[in-house]
Amino acid sequence: TMSPMEKKYPVIAGREKGPGPGRYGLPPTIGFVGHDFTKPTSPAYSFHGRMSDNMYCIDSSPGPQYHIDAKITRFGRDGTPAYSMLGRMKAEKLFQTPGPGAYSPEKAPPCNLQRRPPSYTMSSRTHYRGIDSVPAPNKYCLPPLMGPQVPNKPASASYTMSGSYSTGGPSVDLAKTPGPCRYNSTDPSVYLPRQPAFSMLGRHNLTRDGTKKPGPGTYNPEKVTVHKARAPAYSLGIRHSEFVTPLVVNVSD
């Protein structure tokens, strides 16, 4: 029971929230069973269930154990001829026919007065000419075909490079004239506008005092309070009520 002194506040409509989307029983748009009839459906496919294990233990067919010859067709046996390679037959010992190499027709005498072509043979050196005064073919040498001294061939003009003269020639410096390197070239800055000149200085020496200088990470400028009342600090704002009406401003077109 509520006491008469207790103040009863009105119920805020924002606190009365409806059920979630799962409470509404709309027909699904996925699948085939119970599909929403207001939406188009695509063809559905399903996997067949697992077959019974009896097919592994009960053998109801002989399987591929019959061998059908490839020559047997549905019209009968194939009529193409077949060949096989047999072994070598044994030769009979009663009659052996000689091969073509057993004959020597060149040794046969001429028949019907036919002339035999000349035949030659290479024999060894004769014993009557053991010392031959005629030189061998490799003892002769033909004159070269390069140069102007070929006796039976026309030759073009030939040139040669003579040696240096000892006196009065170009290789002897009689006037004792100095070469180009003996003369000094004038600096272009003397008679032309001088261009800017740059030089590369050496590395500066570091200070040799014993004091240690702190690095940039040692300083904390965000904590300086010399010219500020205190260091800057940030905080999160208050949580606003979810029932406050937002500000709506009418914007003129």
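Which side chain makes a polar contact with the side chain of Thr80? In this predicted model, the partner is the side chain of Asp78, at 3.2 Å.

## Overall layout

The chain contains two helices and two strands. Followed along the sequence, these elements come in the order α-β-β-α. Helix α1 covers residues 54–57, strand β2 covers 76–77, and helix α2 covers residues 188–191.

The chain has 253 residues, and 2% of them count as buried. Its accessible surface is about 28,900 Å². Carbon and sulfur atoms make up 59% of that surface. Among contacts in the chain with a separation of 6 or more, 8% are between residues 24 or more positions apart.

## Around His35

His35 is placed in the segment before α1. Its relative accessibility is 15%, and because buried means under 20%, His35 counts as buried.

Which residues are in contact with His35, once its neighbours within four places in sequence are left aside? They are Pro28, Thr29, Ile30, Pro40 and Thr41.

## Thr80 and the loop after β2

Thr80 belongs to the loop that runs between β2 and α2. Is Thr80 buried or exposed? With a relative accessibility of 53%, Thr80 counts as exposed, since the term applies to values over 50%. The polar contact with Asp78 therefore involves a residue that counts as exposed, namely Thr80.

## Helix α2 and a nonpolar patch

Tyr191 is part of helix α2. This tyrosine has a relative accessibility of 54%, so Tyr191 counts as exposed.

Tyr191 also contributes to a nonpolar patch on the surface. The other residues that make this patch are Val190 and Leu192. The area of the patch is about 350 Å².

## Cysteines

How many disulfides does a search of the whole structure find? The search gives zero. Two cysteines can be described by their accessibility. Cys141 has a relative accessibility of 69%, so Cys141 counts as exposed. Cys181 has a relative accessible area of 77%, so Cys181 is exposed as well.

## Summary

The predicted model has two helices and two strands, with 2% of the residues buried. His35 is buried, whereas Thr80, Tyr191, Cys141 and Cys181 are exposed.

How values were computed. Residues numbered from 1 in each chain as written. Predicted model: local features only at pLDDT ≥ 70, side-chain atom pairs only at ≥ 80, totals over all residues. Heavy atoms only, no water. Helix = DSSP H or I, 4+ residues; strand = E, 2+ residues; numbered from the N terminus. Buried < 20%, exposed > 50% of the residue type's maximum accessible area, 1.4 Å probe, protein only. Contact = heavy atoms within 4.5 Å. Patch = residues over 30% accessible without salt bridge, like charges linked within 9 Å, V, L, I, M, F, W, Y side chains within 5 Å. Areas by Shrake-Rupley, 256 points an atom, 1.4 Å probe, with all protein chains shown as cover. Salt bridge = Lys/Arg side-chain N within 4 Å of Asp/Glu carboxyl O. Polar contact = N/O pair within 3.5 Å; in protein donor to acceptor, adjacent residues only side chain to side chain. Disulfide = S-S within 2.5 Å.
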